[in-house]
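Subject: Structure for you to look at

Dear colleague,

I am handing over the structure we spoke about, and I would be glad if you could open it before reading further. My notes come after it.

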Amino acid sequence: MIDEQVRTALRQGIQEVRQSLPFSIDAWILLPDHLHTIWTLPENDDNFGSRWAVIKRVVSRQCGYLAGNDGRINESSAKRGESHIWQRRFWDHLIRDDLDLQRHLDYLHWNPVKHGYVKRVIDWPYSTFHRFVNQGIYSPDWGGVNEDDTAKIKFGE
């Protein structure tokens, strides 16, 4: 997922869907095999599925060859018009309050450390963490190798 072509396709998919179904991206983390996002949709709109469908379609059309050696997919996926680059489903959660938002932001930004890609959150380039540091929301050393930080980031796992 961090391949330049995938990042470009993701940007194009987001731009395409925003033309008919607007939303804002509050936070983002892109990892080699998955991503996490926090979105704000317009009031009285909970249509995450249609937005993801457009994004997945654009990325699959442009980068589906990255999903396998020969590009073949199984019969079940073919019937649904799916590629192997995406999971069939996605998980959504309605943010309940400021504490819930902070916990999800922490979880999202902590992911590259959790999965062993970096030792410090700030070292992962495919994240909104840098924007949050510039805005003064996180300190640059948040989520580093300090054991006190890692003890705080459990998120009920």
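What follows goes from the whole chain to its helices and then to a single residue.

Please keep in mind that this is a predicted model. The secondary structure comes to six helices and two strands, which follow one another along the sequence in the pattern α-β-β-α-α-α-α-α. Of the 157 residues in the chain, 35% are buried, and among the contacts with a separation of 6 or more, 56% are between residues 24 or more positions apart. The chain exposes about 10,000 Å², of which carbon and sulfur atoms supply 48%.

Helix 1 covers residues 4-20, and because each of its 17 residues should add 1.5 Å, a span of 24 Å is expected, which agrees with the 26 Å between its end C-alpha atoms. Its buried residues are Val 6, Arg 7, Ala 9, Leu 10, Gly 13, Ile 14 and Val 17. These residues lie on the same side of helix 1, because the arc they cover around the axis is only 160 degrees. Behind this is the general rule that an α-helix has 3.6 residues a turn, so residues three or four places apart point the same way. The face turned away from the buried side of helix 1 carries the exposed residues Gln 15 and Gln 19, while the cover over its buried residues includes strand 1 (24-30), strand 2 (35-40) and helix 2 (48-63). At the N-terminal end, helix 1 is capped by Asp 3, with a side-chain oxygen 2.8 Å from the backbone nitrogen of Gln 5.

For helix 2, the 16 residues should span 22 Å at 1.5 Å a residue, and the end C-alpha atoms are indeed 22 Å apart. The buried residues of helix 2, including Trp 52, Ile 55, Val 59 and Cys 63, pack against helix 1 and strand 2. At the start of helix 2, a side-chain oxygen of Asn 47 comes to within 3.0 Å of the backbone nitrogen of Ser 50.

How exposed is Thr 37? This residue, which lies in strand 2, is partly exposed, with a relative accessible area of 23%. Leaving aside residues up to four places away in sequence, Thr 37 touches Ala 27, Trp 28, Trp 52 and Leu 108, and its side chain makes a polar contact with that of Trp 39 at 3.1 Å. The C-alpha atoms of Thr 37 and Asp 26, which are 11 residues apart along the chain, are separated by 7.5 Å.

With best wishes

How values were computed
Residues are numbered from 1 along each chain as its sequence is written. This is a predicted model: local features need pLDDT of at least 70, side-chain atom pairs count only at pLDDT 80 or more; totals for chains, interfaces and linings use all residues. Side-chain values use heavy atoms; hydrogens and water are left out. Helices (H or I, at least four residues) and strands (E, at least two) are DSSP runs, numbered from the N terminus. The expected span of a helix is 1.5 Å times one less than its number of residues. Buried means under 20% relative accessible area, exposed over 50%, partly exposed in between (1.4 Å probe, protein chains only). The arc is that of the directions from the helix axis to the C-beta atoms. Contact means heavy atoms within 4.5 Å. A polar contact is a pair of N or O atoms within 3.5 Å; within protein, one must be able to donate a hydrogen and the other to accept it, and residues adjacent in sequence count only if both atoms are side-chain atoms. Accessible areas come from the Shrake-Rupley method with a 1.4 Å probe; for residues, only the protein chains shown count as cover.
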